[in-house]
Amino acid sequence: MSKELLEKLKGKKEFYRMWKKGLATWEEYRNVVRVCRDATRKAKAHLELNLARDVKDNNKGFFKYNSSERKTRENVDPLLNEVGVLVMEDMETVDLLNAFFA
């Protein structure tokens with residue numbers, strides 16, 4: 001992250017404290033949040049563009065970023081069925097979720 005973006009995020013945190021104390025309005029705080037969100041999105045897009053552009057020279061950085069973005073959560077916590085018993089088996093969980101979303 002750039003120094004400017006870090007300063008904007010710090011300012012957002014300070015503005016939030018001011019809003020909680022009643023020293024700033026909700027609209028002013030929301031404007032600061034929008035500016036920070038836009039700056040963060042632009043910084044991420046710029047980083048991804050640089051990684052894609054330099055993939056031939058710096059493929060390690062590209063694949064490191066790619067693997068960090070692909071991580072997902074694989075397990076589902078135990079669920080309660082209609083009777084109120086915890087479902088622990090995978091097939092029972094699948095049947096319960098299928099019945100719920102069907």
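In the predicted model, L5 has a relative accessibility of 5% and therefore counts as buried, the limit for that class being under 20% relative accessible area. This residue lies in helix α1, and its C-alpha atom is separated by 10.0 Å from that of V35, a residue 30 positions away along the chain.

Helix α1 itself comprises the 19 residues from 3 to 21, and at 1.5 Å a residue these should span 27 Å; the C-alpha atoms at the two ends of the helix are 27 Å apart, so the expected and computed values agree. The helix is followed by G22, a residue whose phi is positive, near 90°.

Two patches can be described on the surface, one charged and one nonpolar. The patch of negative charge is a gathering of E89, D90, E92 and D95. Of these residues, E92 is found in helix α4, which covers residues 90–101, and with a relative accessible area of 45% E92 is classed as partly exposed, because this value falls between the 20% limit for buried residues and the 50% limit for exposed ones.

The nonpolar patch is formed by V76, L97, F100 and F101, which together have about 460 Å² of accessible area. Within this group, V76 has its place in the loop between α3 (59–70) and β1 (79–80). The relative accessibility of V76 is 53%, so that V76 counts as exposed, the class that begins over 50%.

Methods:
Residues numbered from 1 in each chain as written. Predicted model: local features only at pLDDT ≥ 70, side-chain atom pairs only at ≥ 80, totals over all residues. Heavy atoms only, no water. Helix = DSSP H or I, 4+ residues; strand = E, 2+ residues; numbered from the N terminus. Expected span 1.5 Å × (residues − 1). Patch = residues over 30% accessible without salt bridge, like charges linked within 9 Å, V, L, I, M, F, W, Y side chains within 5 Å. Areas by Shrake-Rupley, 256 points an atom, 1.4 Å probe, with all protein chains shown as cover. Salt bridge = Lys/Arg side-chain N within 4 Å of Asp/Glu carboxyl O. Lys, Arg positive; Asp, Glu negative; His and termini not counted. Charge placed at Lys NZ, Arg CZ, Asp CG, Glu CD. Buried < 20%, exposed > 50% of the residue type's maximum accessible area, 1.4 Å probe, protein only.
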